[in-house]
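Student: I should like a close look at the cysteines in this chain, and in particular at how they stand with regard to disulfide bonding. Please set them in the context of the chain as a whole.

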Amino acid sequence: MNAADEDRKSGSRGTVRGRCLCGAIEIEFKYPAFWAWHDHSEASRVAHGAAYATYVGCWRKNVRIAKGKRSLGRFEDDKTGSVRTFCARCGTPVQYERRPTSRMVDLPRALFETRTGREPRYHRHIDQMRDWAYQGQKLVPLKGYPGVVWERPKPRKRRSDD
């Protein structure tokens, strides 16, 4: 049994606190989160500037901006009907509301250093995943660059002159 399963089984409750990169905004929710997933959609990929975004979904009533409400910026996406809030100072995504009228709100998992009560085991919009995204290929250390790993290129096929 992993730690998240143990937390669920024990029924432990508490508050999980996270923050933006510059610390101007702090957000918290009541533990545990409802669910967690990786979002490969174009909208999340571009909003986060990453191959995909990982979210935890929480009941809106259990989420609170504990610090920095004035530092929140807001983007309403007419194309998707969603609302994204972010730190106006450092640009860190803070909340994603797929339907602003929903009782759920999605929070970027990376804001939280501690457990959230759910592991991201789901993938949304996998059909929009980019071919350049890392998909578990074997990586090896890059000589002379500590902490850097890379995917070795595949050997080239030799052309035979018939």
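Tutor: In this predicted model, buried residues account for 34% of the 162 residues in the chain. Two of the cysteines can be placed in that buried class. Cys 58 is buried, with a relative accessible area of 3%, and Cys 87, at 1% relative accessibility, counts as buried as well.

The structure contains zero disulfides. For Cys 58, the closest cysteine sulfur is that of Cys 20, and because the two sulfurs lie 17 Å apart, they are too far from each other for a bond. Cys 87 is likewise in no disulfide; its nearest cysteine sulfur belongs to Cys 90 and is 3.7 Å away. A disulfide requires the two sulfur atoms to be within 2.5 Å, so the separation of 3.7 Å between the sulfurs of Cys 87 and Cys 90 does not qualify.

As to the surrounding fold, the chain comprises two helices and twelve strands, arranged along the sequence as α-β-β-β-α-β-β-β-β-β-β-β-β-β. Its radius of gyration is 19 Å, well over the 15 Å that the globule rule gives for 162 residues, so the chain is more spread out than a compact globule. The C-alpha trace spans about 70 × 40 × 30 Å along its principal axes. Of the contacts with a separation of 6 or more, 57% join residues 24 or more positions apart. The chain exposes about 11400 Å², of which carbon and sulfur atoms supply 49%.

Notes:
Residues numbered from 1 in each chain as written. Predicted model: local features only at pLDDT ≥ 70, side-chain atom pairs only at ≥ 80, totals over all residues. Heavy atoms only, no water. Buried < 20%, exposed > 50% of the residue type's maximum accessible area, 1.4 Å probe, protein only. Helix = DSSP H or I, 4+ residues; strand = E, 2+ residues; numbered from the N terminus. Rg over C-alpha atoms; globule rule 2.2 N^0.38 Å. Contact = heavy atoms within 4.5 Å. Areas by Shrake-Rupley, 256 points an atom, 1.4 Å probe, with all protein chains shown as cover.
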